Every structure is written in structure tokens, then in C-alpha cells.
Amino acid sequence: MRRYQSTMQPTTKSDGYSFGVVLLELVTGKPAILRDPEPISIIHWAQQRLARGNIEGVVDASMHGDYDVNGLWKVADIARKCTALSSAHRPTMTDVVAQLQECLELEDKHQVSDINNGFYNGNSGDLNSNFYTT
């Protein structure tokens with residue numbers, strides 16, 4: 001009996017595509033396929049809104065605006081690149097991790113800024129240090 005292999009072999013580029021979909025699910029709080037009222041992929045749904053400059057229309061409402069807008073745009077751009085139709089145009093996961101690290105740094109600065117605006121006087125570089133002093 002002869003075995004046939006699937007023509008869809010997982011690759012680092014297809015893994016990157018899947019990761020882009022997961023990023024969109026995390027940012028939007030929505031599933032990969034929406035019923036809007038017709039079925040539409042989260043990729044197309046987000047692209048339509050982002051093309052109009054509407055990041056607030058994409059972000060999960062439960063975030064209540066508590067995020068760095070620049071970092072969120074960067075995450076959306078990473079997801080867009082990961083879900084490019086041509087795998088040749090998708091970033092490597094190494095590149096994705098490096099770009100997401102930049103997003104985390106933006107978010108960290110946003111959180112420290114929020115704390116400083118709330119008159120926090122501790123060491124903003126290590127927010128937990130004051131909670132565990134002996």
C-alpha cells in the first residue's frame with residue numbers, strides 16, 4: 001500500500017501565519033472566523049478596520065483603552081505581516097519575537113507613565129520591589 005503525503009507540510013512560514021492569526025485573536029478578543037453577519041476571517045475583518053485607521057474598532061473592548069496605542073499598532077502590523085498571502089513576505093519567528101519585544105517595551109513605558117501620573121513615588125524600574133521588602 002502506497003502512502004501519500006499531504007501537500008500542506010508545516011513550515012516556519014506557515015507557523016508564522018498561524019501565529020499572526022493568534023495575535024489578532026488576542027488583540028481583538030474575537031475568534032478566527034467571525035459571523036459578521038456572513039462568515040469572514042479575522043484577518044480580513046481587522047484589515048478593513050485598520051485600513052481606515054481604526055485601531056479602537058479592532059481592539060478588544062475589555063482592554064478599556066489601557067494600552068499603548070503605538071505598541072498596539074505595531075502588534076497589528078506584525079500580525080498583518082505574518083498573515084501575508086505570500087509566505088516569502090512573512091517574517092521569520094525570530095523577527096516576530098524581536099518586534100514583539102519592542103511592543104513589550106512600549107507597553108512597559110506606558111504602564112510606568114500611568115503609575116507616575118497616579119503619583120507613584122517608588123522605583124518605576126522595578127514595580128514589585130516595594131511590595132516585597134522585608
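**Exercise 1. The largest pocket**

Task: In this predicted model, find which residues line the largest pocket, and state which elements give two or more residues to the lining.

Solution.
Step 1. The lining of the largest pocket consists of L26, V27, M63, Y67, D68, G71, L72, V75, L100, C103, L104 and E107.
Step 2. Two or more of these residues come from each of α1 (12-28), α3 (69-82) and α4 (93-117).
Step 3. The largest share belongs to α4, which gives four residues.
Step 4. Sorted by class, the lining has nine nonpolar residues, one polar and two charged.
Step 5. The volume of the largest pocket is about 190 Å³.

**Exercise 2. Enclosed space**

Task: State how many cavities of 30 Å³ or more the whole structure has, and describe the lining of the largest cavity by residue and by class.

Solution.
Step 1. The approach rests on a general point: rolling a probe the size of a water molecule over the atoms shows where empty space is left.
Step 2. Searching the whole structure gives one cavity of 30 Å³ or more.
Step 3. The space in the largest cavity comes to about 40 Å³.
Step 4. Around the largest cavity stand L23, L24, V27, L50, I55, V58, L72, V75, A76 and A79.
Step 5. At least two residues of this lining come from α1 and at least two from α3, and α3 gives the most, with four residues.
Step 6. The lining of the largest cavity holds ten nonpolar residues, with no polar and no charged ones.
Step 7. Compare the residue lists: V27, L72 and V75 appear in the lining of the largest pocket and also in that of the largest cavity.

**Exercise 3. The chain as a whole**

Task: Give the order of the elements from the N terminus on, and the percentage of residues in the chain that are buried.

Solution.
Step 1. The chain has four helices and two strands.
Step 2. Read from the N terminus, their order is α-β-β-α-α-α.
Step 3. Of the 134 residues in the chain, 28% are buried.
Step 4. The exposed area of the chain is about 9,500 Å², and 54% of it is supplied by carbon and sulfur atoms.
Step 5. Among contacts in the chain with a separation of 6 or more, 47% join residues 24 or more positions apart.

**Exercise 4. One side of α2**

Task: Identify the residues of α2 that are buried, and decide where they lie around the helix axis.

Solution.
Step 1. The buried residues in α2 are I42, I43, W45, A46, R49 and L50.
Step 2. Around the axis they span an arc of only 165°, so they sit on the same side of α2.
Step 3. Take R49 from this group; the helix that holds R49 covers residues 42-51.
Step 4. The relative accessible area of R49 is 16%. The limit for buried is under 20%, so a value of 16% places R49 among the buried residues.
Step 5. Setting aside residues up to four places away in sequence, R49 touches D36, N54, G57 and V58.
Step 6. After α2 comes G53, with a positive phi near 75°.

**Exercise 5. Buried or exposed**

Task: Are T83, L26, N70 and H64 buried or exposed?

Solution.
Step 1. T83 belongs to the loop between α3 and α4. With a relative accessible area of 5%, T83 is buried. Apart from neighbours within four places in sequence, the contacts of T83 are Y17, G20, V21 and I43.
Step 2. L26 is part of helix α1. Its relative accessible area is 61%, and the limit for exposed is over 50%, so L26 is exposed. From L26 to D60 the C-alpha distance is 8.1 Å, although 34 residues separate the two in sequence.
Step 3. N70 sits in helix α3 and is exposed, at 55% relative accessibility. Its C-alpha atom is 9.9 Å from that of H110, which is 40 residues apart from N70 along the chain.
Step 4. H64 is in the loop between α2 and α3. H64 is exposed, at a relative accessible area of 71%. The phi of H64 is positive, near 50°, in a residue other than glycine.

Note on methods: Residues numbered from 1 in each chain as written. Predicted model: local features only at pLDDT ≥ 70, side-chain atom pairs only at ≥ 80, totals over all residues. Heavy atoms only, no water. Buried < 20%, exposed > 50% of the residue type's maximum accessible area, 1.4 Å probe, protein only. Contact = heavy atoms within 4.5 Å. 1 Å grid on protein atoms, 1.4 Å probe; cavity = no way out; pocket = protein on both sides within 12 Å on 5 of 7 lines; lining within 4 Å. Points joined across faces, edges and corners; volume = space filled by probe spheres on them. Nonpolar A, V, L, I, M, F, W, Y, C, P; charged D, E, K, R; others polar. Areas by Shrake-Rupley, 256 points an atom, 1.4 Å probe, with all protein chains shown as cover. Arc of directions from axis to C-beta.
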